[in-house]
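Please open the model in a viewer and keep the selection tool at hand. The tour moves from the whole chain to single side chains.

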Amino acid sequence: MLAIVTGASGGIGSALVVALRQRPEITAVIASYHRSDPPEDVKPVTRSEQETLATLFICQLDARDEASVKQFADFTALHVSATCPVKLLINCIGMLHSEAVQPEKSIRYVDAHKLQQAMAVNSLPTLLLAKHLGPLLKSNTPCLFSTVSARVGSIGDNRLGGWYSYRMSKAALNQALKCLAIEWKRSARNVIVVALHPGTTATALSEPFQHNVPVGKLFSTEQTADMLLQVLDSLQVADSGKFLAYDGSEIAW
Ligand SMILES: NC(=O)c1ccc[n+]([C@@H]2O[C@H](COP(=O)([O-])OP(=O)(O)OC[C@H]3O[C@@H](n4cnc5c(N)ncnc54)[C@H](OP(=O)(O)O)[C@@H]3O)[C@@H](O)[C@H]2O)c1
């Protein structure tokens, strides 16, 4: 079976690729990278070269660009077949800050262009991936379509405010996943659609904010990958449309 990880050059994505390649039911992993080269252990190696690991294919993807997503879907289609259906897709693409962008502590810092950038990286890719890879997911086999969102995207759970662009773009992502779950309940009944919250994980994305995290609540990327895969393993078709944390608990939309 095939696993697809987008954002595999990032902290959580690369750990998921490493974990998925060790699973006996996964024969191949397709991993996307963006600007950064994939880390050393996310380099293509075939099963014959390293018997115990699933074959890895990597593909460049700028998920803000529909033509690039279409190319990624075409690349993926080459590896999907009746004997190798898609078992899961996990989208790990996201952005909280960059050299030019910092999460806004107050409405005074909101900037139209930066808000649009957050929407382009955090909300849009899931829709484009669903549009172009959706046809590859339909089969008789249960299949997972998941995106790593963030608890701060929950409107019901928002107690602190701030971080306008990140919160809004993750809330939009969550709404997109909810719509998709409803649509695919009718037209792609084997697909389970979920949003995931990984918990605070030691990656470049969380690095500037890790000092506020209580002891024991900052996970390594390996811990997060294992916990998210355990959550995904536990899901049934009836769970489609849920927003789930790393420990399997449900989060208010
Ligand atoms: N780490 C945490 O504590 C935490 C907490 C809650 C939620 N999350 C969410 O978890 C997901 C993964 O985060 P992470 O911590 O692993 O962050 P990360 O290490 O910064 O990884 C982000 C990934 O997104 C990719 N990316 C960015 N823009 C892209 C684009 N236009 N097209 C394709 N790929 C693009 C990056 O590729 P390049 O680097 O090559 O651009 C990188 O692979 C994100 O959605 C994040 O919001 C993380």
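The stops below begin with the overall fold and then proceed to individual selections.

**Before starting**

This is a predicted model, in which local features need pLDDT of at least 70 and side-chain atom pairs count only at pLDDT 80 or more, while totals for chains, interfaces and linings use all residues. Residues are numbered from 1 along each chain as its sequence is written, and side-chain values use heavy atoms, with hydrogens and water left out.

**Stop 1: the whole chain**

Display the C-alpha trace, which spans about 55 × 40 × 35 Å along its principal axes. The radius of gyration (taken over C-alpha atoms) is 17 Å, which agrees with the value near 18 Å for a compact globule of 253 residues, the globule rule being 2.2 Å times the number of residues to the power 0.38.

Switch to a cartoon view to see 6 helices and 7 strands. Helices (H or I, at least four residues) and strands (E, at least two) are DSSP runs, numbered from the N terminus. Followed along the sequence, their pattern is β-α-β-β-α-β-α-α-β-α-β-α-β.

Now show the surface. The protein exposes about 12300 Å², and carbon and sulfur atoms supply 55% of this area; accessible areas come from the Shrake-Rupley method with a 1.4 Å probe, and for residues only the protein chains shown count as cover. Buried residues make up 49% of the 253 residues, where buried means under 20% relative accessible area, exposed over 50%, and partly exposed in between (1.4 Å probe, protein chains only). Contact means heavy atoms within 4.5 Å. Among contacts with a separation of 6 or more, 72% join residues 24 or more positions apart.

**Stop 2: helix α1**

Select residues 11-21, which form helix α1; 9 of its 11 residues are buried. Among them are Ile12, Leu16, Val17 and Leu20, and Arg21 is also on the list. Which elements do the buried residues of α1 pack against? They pack against the strands β1 (2-6), β2 (28-33), β3 (55-60) and β4 (86-91), and against helix α6 (221-233).

**Stop 3: the nonpolar core**

In soluble globular proteins, nonpolar side chains tend to be buried together. A nonpolar core is a set of buried Ala, Val, Leu, Ile, Met, Phe, Trp, Tyr and Cys residues joined through side-chain atoms within 4.5 Å. The largest such core here has 67 residues, and Val29, Leu88, Phe145, Trp184 and Leu232 have the most contacts inside it.

Select Trp184, which is buried at 6% relative accessibility. Beyond its neighbours within four places in sequence, Trp184 is in contact with Ala130, Gly134, Leu137, Phe145, Arg189, Val191 and Val193.

**Stop 4: aromatic pairs**

Rings of Phe, Tyr and Trp (its six-membered ring) pair if their centres lie within 6.5 Å; planes under 30 degrees apart count as stacked, over 60 as edge-to-face and the rest as tilted. The structure holds 5 aromatic pairs. In one of these, the ring centres of Phe145 and Trp184 are 5.5 Å apart and the planes are at 85°, so the pair is edge-to-face. This pair links distant parts of the chain, with Phe145 in strand β5 and Trp184 in helix α5, 39 residues apart. Phe145 is buried at 1% relative accessibility.

Next select Phe243 and Trp253, whose ring centres are 5.3 Å apart with planes at 25°, so this pair is stacked. Phe243 lies in strand β7 (residues 242-245) and Trp253 in the segment after β7, 10 residues apart. Is each ring's residue buried or partly exposed? Phe243 is buried, with a relative accessible area of 0%, whereas Trp253 is partly exposed at 30%.

**Stop 5: Asn174 and Trp163**

Asn174 is placed in helix α5 and is buried at 2% relative accessibility. Not counting residues up to four places away in sequence, Asn174 touches Ser149, Gly153, Ser154, Ala195, Phe243 and Trp253.

Trp163 is in the loop between β5 (143-148) and α5 (164-187) and is partly exposed at 26% relative accessibility. Most residues other than glycine have a negative phi. The phi of Trp163, however, is positive, near 50°. Ring pairs also link Trp163, Tyr166 and Phe209 into a cluster.

**Stop 6: the cysteines**

With a disulfide defined as a pair of cysteine sulfur atoms within 2.5 Å, the count is 0 disulfides. Select Cys84: the nearest cysteine sulfur, that of Cys143, is 12 Å away, too far for a bond. Cys84 is buried at 13% relative accessible area, and Cys143 is buried at 1%.
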